[in-house]
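Please examine the sequence and the structure shown below. This briefing then reviews selected strand pairings and aromatic contacts.

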Amino acid sequence: MTSLLCITIFSLTLAGIAYSQPAGMSYSVKMTADLGGNVTLPCRLPQHISSFFNVGIRVKWTKIAEDEALNEDVLLSMGFHKKTYGSFEDRVYLQEQDSDDASLVMTDLSMDDSGTYRCEIINGMTDSIQEVSLEVQSEMNDGVVFPYSPPVGRYSFNFQEAVQACMDQDAVVASFEDLFRAWKSGLDWCNAGWLDDGTVQYPITKPREPCGGTEMGPGLRSYGRRDKFLSRFDVFCFATPLKGDFYWLTQPNRLNFVEAVQACHDDGAEIAKVGHMFAAWKLEGYDRCDAGWLADGSVRYPISRPRKNCSPTEAAVRFVAFPDKQERLYGVYCFTALGLSLD
């Protein structure tokens, strides 16, 4: 009888904990994160809800809009079943450090990820609603470093030609400090390129045999100063934040290069340069899985959200080729400078 009484009291106590709290309790948090980085949006079961009730817990993350009809599903978790949606697919997951944790880890952040996220925890007895306001920010005083080589192939520039090549792409030759910061941010490139001090270097984050060997750790590999007239390498360019609008020009048909140039002109713009694409991709989170002509005759596309058939493993500006300019296989990216129209 005593045992039965204890069990009854224990059960009533647990029920009292669950039912003495109002349903739909809401919490709000504000967070900031860097463009291209990762962030963990916090969401936990409130302390008054015992983990005793966590069997069969359901977690739903939603990106909410002013118009509820435009809300975006982010992630749904029910036991072992988890599903992600839309642009969040394959780049969000639950942290799950313990049974009370429903925090959401988001990777490869773009500017479009800014907004308010709702976490709903439903455990069958008490629901918890928590909101997180996320601001994705870019250090707009920074720029972006990108490697560049001409249509004729790698290691073709002397120093003066390298300077002109970067200028042609609306950029300048990168400094050692620029390349060092880019390396710290993850830039890994195995081809050596000119810097503005006349040295030739390249950044390695993943040591490997073809790129200086495995015995050396990650870092900048340096060839030292080279003859500016006789030595030939690629170049690292540095593009600053855009002062204008970079965009994909929607067209009914694929274009050859001459038609691409004309199409941008007809739209009151110019065909975009490589520096424009890198700046839009890195500093604004521009993402599009369509290969398009650029002003140097190359075809590229920018991916800030890695996904199958676009850039499955990393955010990057993907280089397709320097194709025959007569080929009608691609679209075009255009650029309009602030206050400038080519009409």
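The points below concern strand pairing, aromatic pairs and charges placed over rings. The model is predicted. A search of the whole structure finds 18 aromatic pairs, and two of the pairs treated here share the residue F246.

**Strand pairing from β3 to β5**

- Strand β3, residues 58-64, pairs with strand β4, residues 72-78, in the antiparallel sense, and six bridges join the two.
- Within this pairing, T62 is the residue opposite D73 of β4.
- Strand β4 also runs antiparallel to strand β5, residues 81-84, through four bridges.
- In this second pairing, S77 has K82 of β5 opposite.
- The hairpin of β4 and β5 has two residues between the strands, and G79 there takes a positive phi near 65°.
- As a general point on such elements, side chains in a regular strand alternate between the two faces of the sheet.

**Aromatic pairs of F246**

- F246 and Y286 form an edge-to-face pair, with 5.0 Å from centre to centre and 85° between the planes.
- Because F246 belongs to strand β16 (residues 244-248) and Y286 to the loop between α5 (274-284) and β18 (292-293), this pair ties together parts that are 40 residues apart in sequence.
- F246 is buried, at a relative accessible area of 4%.
- Y286 is also buried, at 19% relative accessible area; this value falls within the buried class because the cut-off is under 20%.
- F246 and Y333 form a stacked pair, with 5.4 Å from centre to centre and 5° between the planes.
- F246 lies in β16 whereas Y333 lies in strand β21 (residues 331-337), so this contact ties together parts that are 87 residues apart in sequence.
- Y333 is buried, with a relative accessible area of 0%.

**Aromatic cluster and charges over rings**

- One aromatic cluster is formed by Y155, F159, W194, Y202, Y223 and F233.
- Y155, a member of that cluster, has the charged end of R154 over its ring, 4.2 Å from the ring centre.
- The ring of F257 has the charged end of K325 sitting over it, at 4.4 Å from the ring centre.

Terms used:
Residues are numbered from 1 along each chain as its sequence is written. This is a predicted model: local features need pLDDT of at least 70, side-chain atom pairs count only at pLDDT 80 or more; totals for chains, interfaces and linings use all residues. Side-chain values use heavy atoms; hydrogens and water are left out. Two strands pair if DSSP finds at least two bridges between them. Rings of Phe, Tyr and Trp (its six-membered ring) pair if their centres lie within 6.5 Å; planes under 30 degrees apart count as stacked, over 60 as edge-to-face and the rest as tilted. Buried means under 20% relative accessible area, exposed over 50%, partly exposed in between (1.4 Å probe, protein chains only). A charge sits over a ring if NZ of Lys or CZ of Arg is within 6 Å of the ring centre and within 35 degrees of the ring normal.
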